[in-house]
Amino acid sequence: MKCPRCRRGPMFKDANPYKKLKLSHIFDMPDRCPTCNQKYDLETGFWYGTGYVSYALAVAVSITTFIASLVLFGVNFNDNSIFWWLAANCVLLVLIQPWLMRLSRVIYLYFFVKYDPDYEQHKPVEFDHHQ
């Protein structure tokens, strides 16, 4: 979970999303990368798009756990085993949600800010508001 531009600066103030008990601290981020000065919040409302990424990650986790349960435990619709998978999957998603939310921010920012090995010689990525 490093800056997409320099791949050195941390995107979050604390690397552990579970460290503080209050969930409001999950997104504690510096305004800019401490290494390359890349602005993280590119425009007002920028992070709303991470909801789609987070949803896709949750679906991917759910499909993976379903296939694993199907192969390992023989989950099927003829008995109640599908409900056991559903309950276990819901608990897993709740437990990993802070990590998924952070990962979705990282992935979303990577769509807009590309790696620049010569970041010292170029300006940080900014959205052009004059178009």
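## Exercises on a predicted model

Asn37 lies in the segment before α1. The model is a predicted one, and the exercises below are to be worked on it.

**Exercise 1. Describe the backbone and the exposure of Asn37 and Arg7.**

Solution.
- Step 1. Place the residues. Asn37 is in the segment before α1, and Arg7 is also placed in the segment before α1.
- Step 2. Read the backbone angle. Asn37 is not a glycine, yet its phi is positive, about 70°. Arg7, likewise not a glycine, has a positive phi of about 60°.
- Step 3. Set this against the general pattern. Most residues other than glycine have a negative phi.
- Step 4. Classify the exposure. The partly exposed class runs between the 20% and 50% limits of relative accessible area. Asn37 has 41% relative accessibility, so Asn37 is partly exposed. Arg7 has a relative accessible area of 47%, so Arg7 is partly exposed.

**Exercise 2. Determine how far Val61 is from Asn37, and which residues distant in sequence Val61 touches.**

Solution.
- Step 1. Locate Val61: this residue is in helix α1.
- Step 2. Compare the separations. Val61 and Asn37 are 24 residues apart in sequence, and their C-alpha atoms are 33 Å apart in space.
- Step 3. List the contacts. With residues up to four places away in sequence left out, Val61 touches Asn89, Leu92, Leu93 and Ile96.
- Step 4. Assign the partners. Helix α2 covers residues 81-112, and the partners of Val61 carry the numbers 89, 92, 93 and 96.

**Exercise 3. Decide whether Thr65 and Ser62 are buried or exposed, and trace the polar contacts of the Thr65 side chain.**

Solution.
- Step 1. Place both residues. Thr65 is in helix α1, which spans residues 50-73; Ser62 is in helix α1 as well.
- Step 2. Apply the cut-off for buried, under 20% relative accessible area. Thr65 is buried because its relative accessibility is 19%. Ser62 is buried because its relative accessible area is 16%.
- Step 3. Follow the Thr65 side chain. One of its polar atoms lies 3.0 Å from the backbone oxygen of Ser62. A polar contact of 3.1 Å links the side chain of Thr65 to that of Trp85.
- Step 4. Add the other contacts. Beyond neighbours within four places in sequence, Thr65 is in contact with Trp85, Asn89 and Leu92. On the same basis, Ser62 touches Trp85, Asn89 and Leu93.
- Step 5. Combine the lists. Trp85 and Asn89 are partners of both Thr65 and Ser62.

**Exercise 4. Identify the residues that touch the most other members of the largest nonpolar core, and the helices that supply the core.**

Solution.
- Step 1. Name the residues. The core has 23 residues, and Met11, Tyr40, Trp47 and Leu109 touch the most other members.
- Step 2. Name the helices. At least two core residues come from each of α1 and α2. Helix α2 gives the most, six residues.
- Step 3. Inspect Met11. Not counting residues up to four places away in sequence, its contacts include Tyr40, Trp47 and Leu109. Arg105 and Val106 are also among them, as are Met29 and Pro30.

**Exercise 5. Find the members of the nonpolar surface patch of about 870 Å², and check the exposure of Val59.**

Solution.
- Step 1. List the members: Tyr55, Val59, Ile63, Ile67, Leu70, Val71, Leu72 and Phe73.
- Step 2. Place Val59, which is in helix α1.
- Step 3. Check the limit. A patch residue needs over 30% relative accessible area. Val59 has 31%, so Val59 is partly exposed.

How values were computed. Residues are numbered from 1 along each chain as its sequence is written. This is a predicted model: local features need pLDDT of at least 70, side-chain atom pairs count only at pLDDT 80 or more; totals for chains, interfaces and linings use all residues. Side-chain values use heavy atoms; hydrogens and water are left out. Helices (H or I, at least four residues) and strands (E, at least two) are DSSP runs, numbered from the N terminus. Buried means under 20% relative accessible area, exposed over 50%, partly exposed in between (1.4 Å probe, protein chains only). A polar contact is a pair of N or O atoms within 3.5 Å; within protein, one must be able to donate a hydrogen and the other to accept it, and residues adjacent in sequence count only if both atoms are side-chain atoms. Contact means heavy atoms within 4.5 Å. A nonpolar core is a set of buried Ala, Val, Leu, Ile, Met, Phe, Trp, Tyr and Cys residues joined through side-chain atoms within 4.5 Å. Patches are made of residues with over 30% relative accessible area and no salt bridge: like charges are joined within 9 Å, nonpolar side chains (Val, Leu, Ile, Met, Phe, Trp, Tyr) within 5 Å. Accessible areas come from the Shrake-Rupley method with a 1.4 Å probe; for residues, only the protein chains shown count as cover. A salt bridge is a side-chain nitrogen of Lys or Arg within 4 Å of a carboxyl oxygen of Asp or Glu.
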